Amino acid sequence: MPDVGLREWFAVGRAIASGSLLRYDSGASRTALFEREMAAQTGAAHVLAVNSGTSALVAALAAAGIGPGDEVLVPAYTWMATAAAPVQVGAVPILVDIDETLTMDPEDIRAKITPYTRAIIPVHMVNAPCDMDAIMAIAKEHGLIVIEDSSQAVGIRYKDRHCGAIGDLGVFSFNRMKNMNIGEGGAVLTSDERYFIRARSYHDLGSMVRQHGDRLNEPEFVGMNMKVTEMDGAMLRVQLKKVVPMLRRMQKRRAVLADILQHSSEFRVTPHNDPASAVSLSILAPTREKAIELTGRRGVHNRLRDSSKHLYTNWEPILNKRTFHPKMNPWAWAKRDIEYTPDMCARTLEILDRTCIVTLGMRYPTPLMAMVARKLAGQR
Ligand SMILES: *Cc1c(COP(=O)(O)O)cnc(C)c1O
């Protein structure tokens, strides 16, 4: 993630000094400017800043009209928020296996589609894009809505398009772990004007009282408050300028290291859905034991099997179908029995067992990290 420093400090200070703390205050502009700049950068017609990535997912689902009785396909490897969001709108998440790219396996998407499937939420994990060509083709064939969860891939491109701006809707997170960091924050992206107006309405209590000058005749419905402050908007504008140069440096470093690691006789470099613009780097060992051994070596960060709530087996509230109230039960509203078991996505577990993240070491010079990679690959 980019550093947060003096530039953010000044930008937030100026927002406070302006006296306009919210986008609807007179003289406020930072949030709207950020949205316009992000739209220009990604190619999405509309961007809506919200207070978290989770909020963005819920707003996107609400905008698309997903609700009780609907099934939403989510990968078995993702932050739990992806599976929790459909529950918040009364729908049920259906788990889909990943393939070696660490993203949804298009073949398993096909296998999990039922007459009740309404949407797919493909997740671009650890900066690795999904096979969006295959996923968009399946969605078109079956009339499904695609909501890209690009929380972990802000600024990442897939075949010269921008992750988050390929599906019907897309979602970003700007929490402190992500490519753009303002502590907590998110955004909804779409090029569909009706989805945008519904998302914007939902994120502000469903209120249509604010004058946006829309022509669409969308009736008011009950929403939430997911608005951001002008301090958020100010910080986002600064972070937006930093993300592309940061990712470009990472992409260059990744290319050097992947080139070295691909010659290893002990492991493979994880396949990537768009190798030319790849930023993420992980390796795939032939066995679980080998992967555990690799985690002890320099340059290897961690094994993905050890990534807590990113694994469906650790989504305790989902597996137990537990919400805050017994009658708020999307699974009772589903049109068929949905069961979750710890071994239902065995292929996902098997892949995560063998996959290790490789450190790009961006704070160190490239020759040093190249040396680490050569050693890891068994060369001198
Ligand atoms: C971080 C993340 C989210 C949620 O974002 P928050 O801003 O933390 O609410 C959703 N999906 C994925 C894949 C994430 O990594």
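Leaving aside its neighbours within four places in sequence, K178 is in contact (heavy atoms within 4.5 Å) with M1, P2, S151, Q152 and S173. This is a predicted model, where local features need pLDDT of at least 70, side-chain atom pairs count only at pLDDT 80 or more, and totals for chains, interfaces and linings use all residues. Residues are numbered from 1 along each chain as its sequence is written, and side-chain values use heavy atoms, with hydrogens and water left out.

So much for the ground rules; back to the lysine. K178 sits in the loop between β8 (169-173) and β9 (186-190). Helices (H or I, at least four residues) and strands (E, at least two) are DSSP runs, numbered from the N terminus. Is K178 buried or exposed? K178 counts as buried because its relative accessibility is 12%, and buried means under 20% relative accessible area, with exposed over 50% and partly exposed in between (1.4 Å probe, protein chains only). UniProt, in an unreviewed entry, lists K178 under "active site"; its positions are given in the numbering used here, feature names are shortened, and annotations may be inferred rather than shown by experiment.

Now the sheet. It's an open one of 7 strands in the order β1-β9-β8-β5-β4-β2-β3, with mixed pairing. β1 (46-50) and β3 (92-96) are the edge strands, each pairing on one side only. From one strand to the next, the twist averages 25°. Two strands pair if DSSP finds at least two bridges between them; β1 and β9 do so in the antiparallel sense, over 5 bridges. V50 has G186 in β9 as its bridge partner, and A49 stands opposite A187 in β9.

What about the cover on β1? 5 of its 5 residues are buried. H46, L48 and V50 are on one side, V47 and A49 on the other, and all are buried. In a regular strand the side chains alternate between the two faces of the sheet.

Two helices go with this sheet, and their angles are listed below. Axes are lines fitted to C-alpha atoms, for helices over the stretch in contact, and angles run from 0 to 180 degrees between N-to-C directions.

| Helix | Strands touched or crossed | Angle |
|---|---|---|
| α2 (residues 30-42) | β1, β8 and β9 | about 135° with β1 |
| α3 (residues 53-63) | β1, β2 (71-75), β5 (145-149), β8 and β9 | about 165° to β8 |

α2 has 13 residues and reaches 18 Å from its first C-alpha to its last, close to the 18 Å expected at 1.5 Å a residue; that expected span is 1.5 Å times one less than the number of residues. Its buried residues are R30, T31, F34, E35, M38, A39 and T42. They pack against α1 (6-18), β1, β7 (161-162), β8, β9 and α8 (230-261). Right after α2 comes G43, with a positive phi near 90°.

Another lysine, K290, belongs to helix α9 (residues 288-294). K290 is buried because its relative accessible area is 18%. The K290 side chain makes a polar contact with the side chain of E266 (2.6 Å). Such a contact is a pair of N or O atoms within 3.5 Å; within protein, one must be able to donate a hydrogen and the other to accept it, and residues adjacent in sequence count only if both atoms are side-chain atoms. Setting aside neighbours within four places in sequence, K290 is in contact with E266, A285 and R297.

α9 also turns up in the packing of helix α12 (residues 346-354), where T348, L349, I351, L352, D353 and R354 are buried. The buried residues of α12 pack against β11 (282-284), α9, β12 (300-303) and β13 (355-358).
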